Each structure stands twice: as C-alpha cells, then as structure tokens.
Amino acid sequence: MNMPLRFSWETMTTPLGDLVIAADADGFLRVVEWADHDSRLQTLFERYYGTQAKLVAEPVATGLITALKQYFDGDVRVIDALPVKTHGTGFQEDAWQALRKIPCGKTMSYAEQARTIGRPKAVRAIGAANGANLVGIVIPCHRVIGANGALTGYGGGVERKRWLLAHEGCQAILL
C-alpha cells in the first residue's frame with residue numbers, strides 16, 4: 001500500500017508578497033506559489049497530487065529557502081540549479097522543461113515556446129500549461145510574453161510579472 005505523499009511547506013516573505021514554498025522529503029521543490037492565490041494552489045495541488053497528499057507546516061530544506069532569498073536579493077541565476085519535481089501531463093512537462101531553458105533576462109513568446117517543444121500550433125495549450133505551473137519563478141513562466149511584447153497572463157498578476165522581469169534584467173518589458 002502506498003503512503004500518501006507528504007510535503008513540507010512554509011511561507012517566505014518577498015518584495016512582492018508572501019510565497020508558499022513546498023518540497024518533498026528528497027529536497028525537490030514541488031510548490032512556489034503566491035500566498036494570496038491560495039485557491040489556485042489548492043486546486044492545482046489536488047489535481048496533480050490527489051486529495052490524499054498532505055502539505056505539512058514545517059521547515060522546508062534550508063538550501064531551497066536560502067536560494068530563493070538570494071534570488072530576491074539579486075542573485076537571479078541561483079534558481080537555475082534548484083531541484084524541481086513536477087507532476088503534470090506529458091505536454092505540461094514538456095512545456096515546463098522548455099520554460100527552465102529560457103535564460104534569465106530573456107523572454108520568449110508563447111508561439112516560440114510551442115515551437116520549442118515541437119508543437120507549433122499548440123499556442124493556447126502552452127498558455128494553459130504555463131498557467132498550471134505550481135513551481136512559479138523557478139519554472140519561470142513569467143518569462144513568456146505575447147508575440148507583440150505584451151505582458152500577458154501570469155498567475156501572480158501582471159505587475160508581479162513586470163517586477164520579476166525587471167529584477168532579472170530583462171530589457172523587453174514593453175507593455
């Protein structure tokens with residue numbers, strides 16, 4: 001009989017508000033989500049891990065929290081090496097892997113991301129996959145913008161997206 005999944009979680013204060021950080025016992029990030037989006041977190045968490053999975057309020061691996069603090073303190077590339085484990089569909093996993101390949105300070109359009117995973121017509125599906133990302137910032141869906149440079153769609157809100165891109169030194173934040 002399988003034991004239900006159990007993830008440690010804690011809240012971290014950032015310049016943009018509180019983040020909920022959750023990790024598994026092996027030290028993989030499973031959740032990096034804005035605390036003021038609790039209903040989104042609950043919905044996605046249950047979708048991916050089931051109703052038997054538990055978030056337990058206890059300290060997350062120190063290295064993960066330290067790295068995220070360093071990111072907000074200006075060492076923006078520190079998130080590139082953070083261990084992440086996701087649990088989406090095959091398409092979502094491909095989309096999220098493509099997100100991790102977008103360098104800090106750069107952006108990509110939804111259409112470019114779709115082409116990157118070999119699904120050039122799946123632009124809307126890319127948007128949906130990015131929107132279902134539970135490990136925001138580290139799986140940097142904020143780096144995906146509209147083809148015209150517009151800061152479209154971000155689960156944490158467009159103003160947070162704008163701030164994150166500016167924080168990472170992105171030059172292409174137009175709208």
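Which residues have the most contacts inside the largest nonpolar core? They are Ile21, Leu29, Phe72, Ile137 and Val138, in a core of 54 residues. Please keep in mind that this is a predicted model. The points below start with that core, move on to the cavities, and then visit some residues that link these topics.

**The nonpolar core**

- Eight named elements give two or more residues each to this core: β1 (6-14), β2 (17-23), β3, α1 (38-49), α2 (62-72), α3 (90-100), α4 (110-116) and α5 (123-131).
- Helix α2 gives the most, with six residues.
- Ile21, one of the residues with the most contacts inside the core, is a good place to start looking around.
- Beyond its neighbours within four places in sequence, Ile21 is in contact with Ser8, Trp9, Glu10, Met12, Leu29, Val31, Val32, Val60, Ile65 and Leu68.

**The largest cavity**

- The structure has two cavities of 30 Å³ or more, and the largest has a volume of about 70 Å³.
- Its lining is made up of Leu19, Val32, Glu33, Trp34, Arg40, Asn133, Gly136, Ile137, Cys141, Tyr154, Gly155 and Gly156.
- Strand β3, which covers residues 29-34, gives the most to this lining, with three residues.
- Sorted by class, six of the lining residues are nonpolar, four are polar and two are charged.
- You have already met Ile137 among the core residues with the most contacts, and Ile137 also lines this cavity.

**The second largest cavity**

- This cavity has a volume of about 40 Å³.
- Around it you will find Arg30, Tyr48, Tyr49, Thr86, His87, Trp96, Leu134 and Val135.
- Five of these lining residues are nonpolar, two are polar and one is charged.

**Two lining residues: Arg30 and Leu134**

- Arg30 sits in strand β3 and counts as buried because its relative accessible area is 9%, below the 20% cut-off.
- Setting aside residues up to four places away in sequence, Arg30 touches Phe7, Ala22, Ala23, Asp24, Tyr49, Lys85, Leu134 and Val135.
- Leu134 is found in the loop between α5 and β6 (144-145), and Leu134 is buried too, with a relative accessible area of 5%.
- Away from its neighbours within four places in sequence, Leu134 is in contact with Arg30, Val31, Val32, Glu33, Leu41, Leu44, Phe45, Tyr48 and Tyr49.
- Leu134 and Thr11 lie 123 residues apart in sequence, while in space they are 15 Å apart, C-alpha to C-alpha.

**Aromatic pairs**

- Across the whole structure, a search finds six aromatic pairs.
- One of them joins Tyr48 and Trp96 edge-to-face, with 5.9 Å from centre to centre and 85 degrees between the planes.
- Tyr48 belongs to helix α1 and Trp96 to helix α3, so this pair ties together parts that are 48 residues apart in sequence.
- Both Tyr48 and Trp96 are buried, and both help to line the second largest cavity.
- Elsewhere, ring pairs link Phe7, Phe45 and Tyr49 into a cluster.
- Two members of that cluster, Phe7 and Tyr49, are touched by Arg30, while Phe45 and Tyr49 are in contact with Leu134.

Definitions and conventions. Residues numbered from 1 in each chain as written. Predicted model: local features only at pLDDT ≥ 70, side-chain atom pairs only at ≥ 80, totals over all residues. Heavy atoms only, no water. 1 Å grid on protein atoms, 1.4 Å probe; cavity = no way out; pocket = protein on both sides within 12 Å on 5 of 7 lines; lining within 4 Å. Points joined across faces, edges and corners; volume = space filled by probe spheres on them. Helix = DSSP H or I, 4+ residues; strand = E, 2+ residues; numbered from the N terminus. Nonpolar A, V, L, I, M, F, W, Y, C, P; charged D, E, K, R; others polar. Core = buried A, V, L, I, M, F, W, Y, C linked by side-chain atoms within 4.5 Å. Buried < 20%, exposed > 50% of the residue type's maximum accessible area, 1.4 Å probe, protein only. Contact = heavy atoms within 4.5 Å. Phe/Tyr/Trp six-rings, centres within 6.5 Å; stacked < 30°, edge-to-face > 60°.
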